[in-house]
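Work through the exercises below with the model open. Try each task before reading its solution.

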Amino acid sequence: MEIILKDTYEDLCRAAARMVAKMLNAKPNAVLGLATGSTPIGIYRELIRLHREEGLDFSQVTTFNLDEYVGLGRNHQQSYHRFMQEHLFEHINVPAQNIYIPSGTTDNYEAFCRWYEQRIKECGGIDLQILGIGVDGHIAFNEPGSSLGSRTRIKTLARQTIEDNARFFDKPEDVPVYAITMGVGTILEARRIALVANGKKKAPAIAAAIEGPVTSLCTASALQLHADTTYFLDREAAGDLKMIEYYEWIQAKGPGAPYSTTWRRSV
Ligand code: PGA
């Protein structure tokens, strides 16, 4: 687990976008796992800038989104289909046929969920998954109590999530109660994971995820079992971490720095 601390939201978005760009430079046909919500918007903004100004190429990329509200069509103002078009896909050159987002309007959810999992496998698995985190510690819509081995399925949203997301709808009653979401088990199969969080209200969830026990009550804590997860945090989101001084120390020294220096000296 690597923790990258930044002073501002813009800095952490730039750092996370750099990780995506590095991945695409090394593997132009990478499979990206994408997230919605307020947090990743800055990362998408930076990716769009890299595409426009530095030629970052998405022409061979495949994307899988984490989740979608059940009942919202792809053109609904608050659907995640729409969100992704507006915040990313309309502005880069990822081919439309390479974009996968769970359907909020299928008439057979079970079959759709099985197909979605199958498609991820057929495309070679997710190389880099971007995640936000809910104030209740959820990743995607895996609410507290979700099985840590869960796969893509329908979830009933927690009251907290409905309240948090009500800001995007005209009335709280308009927030859908169900979502279709990748499971925690699905997410853990991504080769690399980048979780991004900013602001004070995420601090307890971040502390629980990184330093608390692995528990279904905070599904992000399952990432402790993943071998290549990077957290991009601003100072406020990192505010409740007990080991903060150690993470700062690592950041100042660079992870594994003495070994790479020795290695470089010996060649
Ligand atoms: P947010 O949502 O980025 O809008 O805070 C994060 C999440 O619920 O995963």
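The exercises cover the ligand site and then one loop residue, in a predicted model.

**Exercise 1. List the residues around the ligand and sort them by class.**

Solution. Start with the glycines: Gly37, Gly132 and Gly134 are in the shell. Add Ser38, Thr39, Ile133 and His138. Finish with Arg167 and Lys202. Now sort. The shell divides into one nonpolar, six polar and two charged residues. Gly counts as polar in this scheme.

**Exercise 2. Find polar atoms of Ser38, Thr39 and Arg167 that pair with oxygen atoms of the ligand.**

Solution. Apply the cut-off: a polar contact is a pair of N or O atoms within 3.5 Å. Take Ser38. A polar backbone atom of Ser38 is 2.9 Å from a ligand oxygen. Next, Thr39. An N or O atom in the Thr39 side chain is 2.4 Å from an oxygen atom of the ligand. Last, Arg167. A polar atom of the Arg167 side chain lies 3.3 Å from a ligand oxygen. Then check the cover: the ligand alone exposes 280 Å², and the protein buries 84% of that.

**Exercise 3. Which pocket does the ligand take up?**

Solution. Locate the space taken by the ligand. That space is the largest pocket.

**Exercise 4. Place Leu225 in the fold and decide: is Leu225 buried or exposed?**

Solution. Place the residue first. Leu225 lies in the loop between helix H7 (203-211) and strand S10 (229-234). Now read its area. Leu225 has a relative accessible area of 62%. Exposed means over 50%, so Leu225 is exposed. Finally, compare positions. Leu225 and Cys113 are 112 residues apart along the chain, and their C-alpha atoms are separated by 24 Å.

Terms used: Residues are numbered from 1 along each chain as its sequence is written. This is a predicted model: local features need pLDDT of at least 70, side-chain atom pairs count only at pLDDT 80 or more; totals for chains, interfaces and linings use all residues. Side-chain values use heavy atoms; hydrogens and water are left out. A residue is near a molecule or strand if one of its heavy atoms lies within 4 Å of it. A polar contact is a pair of N or O atoms within 3.5 Å; within protein, one must be able to donate a hydrogen and the other to accept it, and residues adjacent in sequence count only if both atoms are side-chain atoms. Accessible areas come from the Shrake-Rupley method with a 1.4 Å probe; for residues, only the protein chains shown count as cover. On a 1 Å grid over the protein atoms alone, a cavity is a set of points where a 1.4 Å probe fits but cannot get out, and a pocket is an open set with protein on both sides within 12 Å along at least five of seven lines; lining residues have an atom within 4 Å of a point. A molecule sits in a cavity or pocket if more than half of its atoms lie within 2 Å of its grid points. Helices (H or I, at least four residues) and strands (E, at least two) are DSSP runs, numbered from the N terminus. Buried means under 20% relative accessible area, exposed over 50%, partly exposed in between (1.4 Å probe, protein chains only).
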